[in-house]
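Thanks, everyone. Please have the sequence and the model open in front of you. I'll start with the pockets and then go through the helix packing.

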Amino acid sequence: MLEKDRNTSGDYGNTDFQLKQRLIYAATVLLTMLLGLTSRAYAEVLPDFVAKHAGDALWAAMIYFGFRVLFVRYKLFSTMLLSLLFCYGIEFSQLIQTDWLNGLRSTTLGALVLGRGFLAMDLLRYTAGIILAVSLELIAQKK
């Protein structure tokens, strides 16, 4: 199902190139994380639409770039699908309400990673964030 890039004779077969790509993706993860946290911290000064939707979209974009760090040789579509499944899985897991899981969610890190409550709108936000991340990557590849 997850398809690797078949062009192993090109740059992706080069270990140095893969390391460089992983470092770029890791930096992008950190930048996206910073933007997401900033969008939450300064929500009151952002336009209402951005304040409501940017955090979740950026979280999903960060997940996408994180998977690109791990699976640099996989095709974009495969990584995009894996990211969507992961994000959707986290969102649907919020329907499970157990004491130990809610205890994790009550911490700052737990809330950032696992969320607190299921919202169907978050599925749209995640999809938009991942599509934006893939689009940015495609634009960067052309340059």
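What volume does the largest pocket have? About 530 Å³. Keep in mind that this is a predicted model.

So who sits around that space? The lining of the largest pocket has 25 residues. Closest to the centre are Arg40, Asp56, Trp59, Ala111 and Leu112. Five elements give two or more residues each to this lining: α1, α2, α3, α5 and α6. For orientation, α1 covers 15-41, α2 covers 48-70 and α5 covers 108-114. By class, the lining of the largest pocket has 12 nonpolar, seven polar and six charged residues.

Now the second largest pocket. It holds about 380 Å³ of space. Its lining has 16 residues. Nearest the centre of this one are Thr28, Phe65, Leu136, Glu137 and Ala140. Here α1, α2 and α6 each supply at least two residues. Which helix gives the most to this lining? That is α1, with seven residues. The class split for the second largest pocket is 11 nonpolar, four polar and one charged.

Next, the fold. The protein chain has six helices and zero strands. Along the sequence the pattern reads α-α-α-α-α-α. The C-alpha trace spans about 50 × 35 × 20 Å along its principal axes.

Three helix pairs, one at a time.

Start with α1 and α2. Their axes are 8 Å apart, and the packing angle is about 165 degrees. That makes α1 roughly antiparallel to α2. The crossing of this pair is left-handed. On the α1 side, the contact is made by Arg22, Tyr25, Ala26, Thr28, Val29, Thr32, Met33, Leu35, Gly36, Ser39 and Arg40. On the α2 side, look for Ala54, Gly55, Asp56, Leu58, Ala61, Met62, Phe65, Gly66, Arg68, Val69 and Leu70. By class, the contact of α1 with α2 has 12 nonpolar, six polar and four charged residues. Some of these names came up a moment ago. Arg40 and Asp56 are in this contact, and both are among the residues closest to the centre of the largest pocket. Thr28 and Phe65 are in this contact too, and they are among those nearest the centre of the second largest pocket.

Second pair: α2 and α3. Here the axes lie 9 Å apart, at an angle of about 130 degrees. Are they parallel, antiparallel, perpendicular or oblique to each other? α2 and α3 are oblique. Their crossing is right-handed. From α2, the contact takes Trp59, Ala60, Ile63, Tyr64, Phe67 and Arg68. From α3 come Leu76, Thr79, Met80, Leu82, Ser83, Phe86, Cys87 and Ile90. The classes in the contact of α2 with α3 are 11 nonpolar, two polar and one charged. Note Trp59 again: it belongs to this contact, and it is one of the residues closest to the centre of the largest pocket.

Third pair: α3, residues 76-93, and α6, residues 120-142. Their axes come within 10 Å and cross at roughly 160 degrees. α3 and α6 are therefore roughly antiparallel to each other. α3 passes α6 in a right-handed crossing. The α3 residues are Leu76, Met80, Ser83, Leu84, Cys87, Tyr88, Glu91 and Phe92. They meet Asp122, Leu123, Tyr126, Thr127, Ile130, Val134, Glu137, Leu138 and Gln141 in α6. By class, the contact of α3 with α6 has 11 nonpolar, three polar and three charged residues. One more link back: Glu137 is in this contact, and it is among the residues nearest the centre of the second largest pocket.

That's the tour. Questions, please.

Terms used: Residues are numbered from 1 along each chain as its sequence is written. This is a predicted model: local features need pLDDT of at least 70, side-chain atom pairs count only at pLDDT 80 or more; totals for chains, interfaces and linings use all residues. Side-chain values use heavy atoms; hydrogens and water are left out. Axes are lines fitted to C-alpha atoms, for helices over the stretch in contact, and angles run from 0 to 180 degrees between N-to-C directions. Helices (H or I, at least four residues) and strands (E, at least two) are DSSP runs, numbered from the N terminus. Angles under 35 degrees count as roughly parallel, over 145 as roughly antiparallel, 65 to 115 as roughly perpendicular and the rest as oblique. A crossing is left-handed if the near helix is turned anticlockwise from the far one by less than a right angle, and right-handed if clockwise. Contact means heavy atoms within 4.5 Å. Ala, Val, Leu, Ile, Met, Phe, Trp, Tyr, Cys and Pro count as nonpolar, Asp, Glu, Lys and Arg as charged, and the others, Gly among them, as polar. On a 1 Å grid over the protein atoms alone, a cavity is a set of points where a 1.4 Å probe fits but cannot get out, and a pocket is an open set with protein on both sides within 12 Å along at least five of seven lines; lining residues have an atom within 4 Å of a point. Grid points are joined across faces, edges and corners, and a volume is the space filled by probe spheres set on the points.
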